[in-house]
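Hi there,

Here is the structure I promised to pass on. Have a look, and my notes follow below.

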Amino acid sequence: MGVEIVVTAGETVRVSVAMVTYNGGRYLRQQLDSVLEQLGDQDELVVSDDGSEDDTLLILREYQRRDKKIRILEGPGKGIKKNVEHAVLGTRGSYIFLADQDDIWLPGKVERILQVFQEQKVSVVVHDAKVFEGEDSAQILMDSFYAFRDSGAGVLKNIVKNSYIGCCMAFRRELLRTVIPVPAQIEMHDQWIGVLGDYFAGEAFFLPDALLLYRRHGDNNSAMSRYGLCRMVRNRLVFLWHFGKRILYLRRKNSC
């Protein structure tokens, strides 16, 4: 489909964190610290920056000088979905964790998710999150994002009402064959990865543990808001169209 996908993981890379950044300097240090303290020598943090004009790149390079697990990529400049795709395609690990630039990973996130992958035959793991606003992570607005979104597995359920949130997702590298490329026309990449993983690789595992503090601020309220009816219907029809096209493509490919 026009994208080179390397599915075989490198022998020495266990976990790849795929982070996307764009003018995220305000909160980036806190997120980098929370991620890096959980990564071992066999892990990596791949950051795709999509043309930041603030101090984001200066911060990333500062951290990279101290920690060689960090690799910085120049984003494609085509919006968040394609930037996520770019970051993911730059990874080498067996397990890919998605990360935003402004959240805070709670201790034990990586090992808890790896435990689920080892115990369950699933391709996608999603965990719960607590929501806070602005600067003070101690001021929790919501103890469970799951409760807010009525989160759970199921293809139809998550097409009708998406409960996947990228910053709380991890998936096996083999799923790249199915989800890449991410269609530019769909609303968000997280729903695409989750639903296709659910459909082709078995039910996703929704872990009830809150392993992340989701930061709510003026630039990211989309995850907490509801669209008007017309936009909701349009988004679902567009998703279904591309979902159907991907199913047909993969079936033809696998039959050859």
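A word on terms before the results: on a 1 Å grid over the protein atoms alone, a cavity is a set of points where a 1.4 Å probe fits but cannot get out, and lining residues have an atom within 4 Å of a point. This is a predicted model, with residues numbered from 1 along each chain as its sequence is written. Local features need pLDDT of at least 70, side-chain atom pairs count only at pLDDT 80 or more, totals for linings use all residues, and side-chain values use heavy atoms, without hydrogens or water.

The structure holds one cavity of 30 Å³ or more, and the largest cavity has a volume of about 30 Å³ (the space filled by probe spheres set on the points, which are joined across faces, edges and corners). Its lining consists of Val84, Val88, Phe171, Leu176, Val179, Ile180, Val182, His189 and Ile193. At least two lining residues come from each of α3 (80–89), α7 (176–179) and α8 (189–201); helices here are DSSP runs (H or I) of at least four residues, numbered from the N terminus.

Helix α8 also packs against α9 (residues 229–255), at an angle of about 45 degrees and with the axes 12 Å apart. That makes α8 oblique to α9 (not under 35, over 145 or 65 to 115 degrees). On the α8 side, the contact (heavy atoms within 4.5 Å) involves Gln191, Trp192, Val195, Leu196, Tyr199 and Phe200. Helix α9 contributes Phe239, His242, Phe243, Arg246, Ile247, Leu250 and Arg251.

Best wishes

Terms used:
On a 1 Å grid over the protein atoms alone, a cavity is a set of points where a 1.4 Å probe fits but cannot get out, and a pocket is an open set with protein on both sides within 12 Å along at least five of seven lines; lining residues have an atom within 4 Å of a point. Axes are lines fitted to C-alpha atoms, for helices over the stretch in contact, and angles run from 0 to 180 degrees between N-to-C directions.
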